[in-house]
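Student: I'd like to learn how to read a structure like this one. Could we start with the ligand and work outwards?

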Amino acid sequence: MRDARLELVQGDITKVEADALVNAANSSLLGGGGVDGAIHRAAGRELLEECRDLRGCPTGEARITQGYKLRARHVIHTVGPRWQGGGRGEAGQLARCYQSVFALVEKHGLRTVAFPSISTGMYGYPIEKASRIALREIQAALERLPQVEKVTVVLFTPGDLEVYRRALAGEPEPA
Ligand code: ADP
């Protein structure tokens, strides 16, 4: 059964109001391109300063900071795997990103969270595969965490939104 607390939207995650936005960061946590660059630009320099003190983050883990100029109180930075063909533990690492984010959501008592599609940009993870992992992990976390009121997955393009919609509807991954 689909959980009514899960929402898929198309748009720019930096504009979303939530207790926390999730950032698809790289292991330096010092900003980069894609959604990471957009979040740092919108949050302002103070975010970079706080990130510097964190001294990086390994793949699959997550770190929390304030949101500064964003409409989100916090940013949860997680480092997704780079796609290397699928035989290097990428699926497990991607699932761990979502689990690590929700461990922080639970610890900090957050109620609303927005995710981008982790690893499916520059890191090259095929979105058909990544969407199914993301939705499975989000739905498992929602079952476990009654405190969470809303999880929004913010897809940057209409095409990405369509992939996530089909995955959520239970359609199998295209061959
Ligand atoms: P990664 O390195 O984890 O692949 P990217 O930022 O390159 O991270 O891409 C992750 C996803 O975020 C991609 O689907 C990309 O289209 C999307 N994205 C880029 N900018 C934004 C934004 N402002 N809001 C939401 N999603 C975004």
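Tutor: Happy to! One idea before we begin: a residue is near a molecule if its C-beta atom, placed from the backbone, lies within 6 Å of it. Keep in mind too that this is a predicted model.

Student: With that cut-off, how many residues surround the ligand, and which are the closest?

Tutor: The ligand is surrounded by 20 residues, and the closest are A24, G34, G121, M122 and Y123. By class, that shell divides into ten nonpolar, seven polar and three charged residues.

Student: Which helix gives the most to the shell around the ligand?

Tutor: That is helix α1, residues 34-43, which contributes four residues.

Student: How many helices and strands does the chain have?

Tutor: Five helices and six strands. Their order along the sequence is β-β-α-α-β-β-α-β-α-β-α. The radius of gyration is 15 Å, close to the 16 Å that the globule rule gives for 175 residues, so the chain is as compact as a globular protein of that length.

Student: And how do I describe two packed helices?

Tutor: You give the angle between their axes and the distance between the axes. Here, the axes of α3 (residues 90-107) and α4 (residues 127-144) come within 9 Å and cross at roughly 35°. The crossing of α3 past α4 is right-handed.

Student: Which residues make the contact?

Tutor: From α3, they include A91, L94 and F102, while α4 brings I133, E137 and A141, among others. The classes in this contact are ten nonpolar, one polar and one charged.

Notes: Residues numbered from 1 in each chain as written. Predicted model: local features only at pLDDT ≥ 70, side-chain atom pairs only at ≥ 80, totals over all residues. Helix = DSSP H or I, 4+ residues; strand = E, 2+ residues; numbered from the N terminus. Nonpolar A, V, L, I, M, F, W, Y, C, P; charged D, E, K, R; others polar. Rg over C-alpha atoms; globule rule 2.2 N^0.38 Å. Axes fitted to C-alpha atoms, helices over the stretch in contact; angles between N-to-C directions. Left-handed = near helix turned anticlockwise from the far one by under 90°. Contact = placed C-beta atoms within 7 Å.
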